[in-house]
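I opened my notebook today to practise reading a protein model, one spot at a time. Come along and check each entry against the picture.

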Amino acid sequence: MQTEDVAQLLRAHDLRVTPQRRAILQAFRGRGDEHLSAEEVLARASAAVPEIGRGTVYATLAELAEMGLLSAFGNQDVIRYETNLEPHDHFRCRVCLRIFDVEFGGEELRGRPLEGFVVEHVLVMARGICGSCMDYHRGLADGAESMLSRAIVAEDAVDELAAVVVPSPLGDLIAAASNEGIARVAFTEHADYATLTALCGGRRRRSRAAAREHLAALTGSIDGYFGGEHMNAVDEIDWRFFQPAARLALTAVRQIAWATTLSYDRLGDGFTPYECGLAIGSNPTPILIPCHRVTRGAEIAELYVGGLEHLRYLQQFEVAG
C-alpha cells in the first residue's frame with residue numbers, strides 16, 4: 001500500500017495521518033491474503049518507525065478494525081475449556097466475551113471435501129452480540145429514558161420525605177430521605193426534580209428528624225466523594241422505593257470499588273438482563289449507588305441515569321483520582 005493511498009484512506013475515515021498509523025497499514029504491503037499477528041505488524045512497522053511501541057500497535061490495530069479499515073480474525077482471549085465433547089459450534093459475544101454453544105451449520109461442513117486440503121477438524125465460531133447483552137442495553141435505555149419522563153417517588157409518598165440541595169461538580173443535586181433512609185438523589189434533568197425541590201426548606205416536622213439526619217450524612221458522603229475519598233458511601237437506603245429486582249441488582253452495585261468496573265452479567269442472580277439494565281438506567285440514588293461503574297462486558301455504556309456528560313465526568317474523575 002502506497003504512502004499516499006494510506007493517507008487518503010485515513011483521512012476518509014476522519015483519522016489523523018500519523019507515522020504510526022501509516023507504518024501499521026503499510027506493514028500489510030498491499031497483499032489482501034496476508035493474516036498478520038500484532039507481533040508481526042510490530043516487527044514490520046518498527047522498520048519504518050523504530051520508536052513505535054507494542055501498546056501503540058495493539059491499540060491502533062483495534063482502532064483500525066473498529067473503523068472498518070482492517071478485518072480481525074482469531075481469538076485474543078484465553079483458551080476456554082468445556083465438558084461438551086460432541087461436535088458443535090460456538091457463538092462468542094464481542095461485548096460480554098462469553099461463549100455459547102450454538103448450531104450454525106458446522107456439522108454440514110465437516111463432511112464436505114475441500115480440493116487440495118485434508119480436513120481433519122472444523123471449528124465454527126460466530127461472533128456478534130448475544131441476546132442478554134441486547135436485553136441489558138434495552139433495559140438500560142428504557143430506564144434512563146424513564147427518569148426524564150416520570151417521577152420515581154410516587155405522589156402519595158412525597159409527604160413522608162425531607163429534601164436538601166447538595167452542590168456538586170455535576171451541578172446541584174436534590175437528595176430526599178425518609179426516616180428509614182435515603183430515597184432519592186436527583187439530577188436537574190429528572191422529571192421529579194422540581195417536586196423534590198419544593199420539599200427543601202419546608203416546615204420541619206418532628207417526624208422528619210431522622211430523615212434530616214440521613215440527609216446530613218449523605219451530604220457529607222457526597223462532599224467526601226468529590227473530595228477524593230475512595231470509600232463507598234455507607235448511608236442507609238430506604239429500599240421501599242425500589243422494585244425487588246432493582247434492589248438485588250443495585251445492592252450488588254454498591255460493592256463495586258472506586259475506579260473499578262464490573263460487567264452487568266457478574267452482578268449476580270435473581271433478575272433478568274433487561275431488569276438489570278432497567279435498574280441501572282433508573283437508579284434512584286446515583287453516586288450513592290455507583291451505577292457508573294457497571295459495564296456491558298468490555299463495553300463502556302454511553303447511557304446513564306444522569307446523562308452521558310455526567311457519566312464521563314464520574315469515570316474520568318475516578319480514574320484521575
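Below are my entries on some loops, helices and cores.

**Entry 1: a histidine in a loop**

I kept in mind that this is a predicted model. I began with His88, which I found in the loop between helix H4 (54-67) and strand E1 (89-93). Is His88 buried or exposed? Its relative accessible area is 15%, and His88 counts as buried because the limit for that word is under 20%.

Next I asked which residues His88 touches. Setting aside residues up to four places away in sequence, I listed Glu82, Asp101, Val102 and Arg110. I then looked up the side chain of His88 and saw that it reaches the backbone oxygen of Glu86 at 2.5 Å. The side chains of His88 and His90 are joined by a polar contact of 3.0 Å. I also checked Val124, which is 36 residues from His88 along the chain; their C-alpha atoms are separated by 8.0 Å.

**Entry 2: a threonine between two helices**

I moved to Thr18, in the loop between helix H1 (3-12) and helix H2 (19-26). Thr18 has 8% relative accessibility, so it falls under the 20% limit and counts as buried. What does its side chain reach? I found the backbone nitrogen of Arg21, at 3.1 Å.

**Entry 3: how H3 meets H4**

Here I looked at helix H3 (residues 38-48) and H4, which pack at an angle of about 120 degrees. Their axes are 10 Å apart. I noted the crossing of H3 and H4 as right-handed. Which residues meet? From H3 I wrote down Ala38, Glu39, Val41 and Leu42, and from H4 Arg54, Val57, Tyr58 and Leu61. Sorted by kind, the residues of this contact are six nonpolar, two charged and no polar.

**Entry 4: the cores**

I turned to the largest nonpolar core, which holds 67 residues. Which members touch the most others? They are Phe226, Leu250, Val253, Leu267, Cys276, Ile280 and Val294. Another core, of 19 residues, lies apart from that one, and I found Leu15, Leu25, Leu69 and Leu70 among its members. My reminder for the margin: nonpolar side chains tend to be buried together in soluble globular proteins.

I picked Phe226 for a longer look. Not counting neighbours within four places in sequence, Phe226 is in contact with Ser168, Pro169, Leu170, Ile287, Tyr313, Leu314 and Phe317.

**Entry 5: helix H11**

Cys276 and Ile280 led me to helix H11 (residues 273-281), where they are buried along with Gly277, Ala279 and Gly281. What do the buried residues of H11 pack against? I found helix H6 (131-149), helix H10 (244-253) and strand E8 (294-295).

**Entry 6: two positive phi values**

Most residues other than glycine have a negative phi. With that in mind, I stopped at Leu97, whose phi is near 70 degrees, a positive value. Leu97 sits in the loop between E1 and strand E2 (99-102). Its relative accessible area is 30%, and Leu97 is partly exposed because that value lies between the 20% and 50% limits.

Ala259 is not a glycine either, and I read its phi as about 60 degrees, also positive. I located Ala259 in the loop between H10 and strand E7 (262-263). With a relative accessible area of 40%, Ala259 is partly exposed.

Technical notes. Residues are numbered from 1 along each chain as its sequence is written. This is a predicted model: local features need pLDDT of at least 70, side-chain atom pairs count only at pLDDT 80 or more; totals for chains, interfaces and linings use all residues. Side-chain values use heavy atoms; hydrogens and water are left out. Helices (H or I, at least four residues) and strands (E, at least two) are DSSP runs, numbered from the N terminus. Buried means under 20% relative accessible area, exposed over 50%, partly exposed in between (1.4 Å probe, protein chains only). Contact means heavy atoms within 4.5 Å. A polar contact is a pair of N or O atoms within 3.5 Å; within protein, one must be able to donate a hydrogen and the other to accept it, and residues adjacent in sequence count only if both atoms are side-chain atoms. A nonpolar core is a set of buried Ala, Val, Leu, Ile, Met, Phe, Trp, Tyr and Cys residues joined through side-chain atoms within 4.5 Å. Axes are lines fitted to C-alpha atoms, for helices over the stretch in contact, and angles run from 0 to 180 degrees between N-to-C directions. A crossing is left-handed if the near helix is turned anticlockwise from the far one by less than a right angle, and right-handed if clockwise. Ala, Val, Leu, Ile, Met, Phe, Trp, Tyr, Cys and Pro count as nonpolar, Asp, Glu, Lys and Arg as charged, and the others, Gly among them, as polar.
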